[in-house]
Amino acid sequence: MAIKSKIKGKKKHLNKPTSVKYKKYTVSSDKITKKARSCPRCGPGIFLSVGKGRAYCGKCHFTEFDKKEVELKLESKK
Ligand SMILES: [Zn+2]
């Protein structure tokens, strides 16, 4: 019986991508500017992932909709 090189059902281990939260900040001489919006529920440090017209928090599943997008949708329904 030959041993198969590929074992079914076993996924190749992939390392998790490094948390790149520092990319969300821009540090100038004395000011720290946040690039991304932080979650109002989880507080600063937890960033919202920005999608199409909405921002989503992966921690508490909070979704914030862009006001402009919502207004446009409401207008198109009329
Ligand atoms: Zn949150």
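**Exercise 1. How much area does the protein expose, and what share of it do carbon and sulfur atoms supply?**

Solution. This is a predicted model, where local features need pLDDT of at least 70, side-chain atom pairs count only at pLDDT 80 or more, and totals for chains, interfaces and linings use all residues. Residues are numbered from 1 along each chain as its sequence is written, and side-chain values use heavy atoms, with hydrogens and water left out.

Step 1: take the area. The protein exposes about 7800 Å². Accessible areas come from the Shrake-Rupley method with a 1.4 Å probe; for residues, only the protein chains shown count as cover.

Step 2: take the share. Carbon and sulfur atoms supply 57% of that area.

**Exercise 2. List the elements of the protein from the N terminus on.**

Solution. Step 1: define the elements. Helices (H or I, at least four residues) and strands (E, at least two) are DSSP runs, numbered from the N terminus.

Step 2: count them. The protein has seven strands and one helix.

Step 3: order them. The run is β-β-β-β-β-β-β-α.

Step 4: place a residue. Lys24 sits in the segment before β1 (25–28).

**Exercise 3. Describe the site of the zinc ion.**

Solution. Step 1: find the donors (N, O and S atoms within 2.8 Å of the metal, or 3.2 Å for Na, K and Ca; water is not among the atoms, so sites may look incomplete). The SG atoms of Cys39, Cys42, Cys57 and Cys60 coordinate the zinc ion at 2.2 to 2.4 Å.

Step 2: read the spacing. Along the chain, these donors follow C-x2-C-x14-C-x2-C.

Step 3: check the angles. The four donor atoms give angles of 106 to 117 degrees. Four donors count as tetrahedral if all angles lie between 85 and 135 degrees. The site is therefore tetrahedral.

Step 4: look for disulfides (pairs of cysteine sulfur atoms within 2.5 Å). The structure holds zero.

**Exercise 4. Sort Cys39, Cys57, Cys60 and Lys24 into buried, partly exposed or exposed.**

Solution. Step 1: set the cut-offs. Buried means under 20% relative accessible area, exposed over 50%, and partly exposed in between (1.4 Å probe, protein chains only).

Step 2: apply them. Cys57 has 0%, so Cys57 is buried. Cys39 has 2%, so Cys39 is buried. Cys60 has 22%, so Cys60 is partly exposed. Lys24 has 33%, so Lys24 is partly exposed.

Step 3: turn to the whole protein. Buried residues make up 12% of its 78 residues.

Notes: Tetrahedral: all angles 85-135°; square planar, octahedral: opposite > 155°, others 65-115°.
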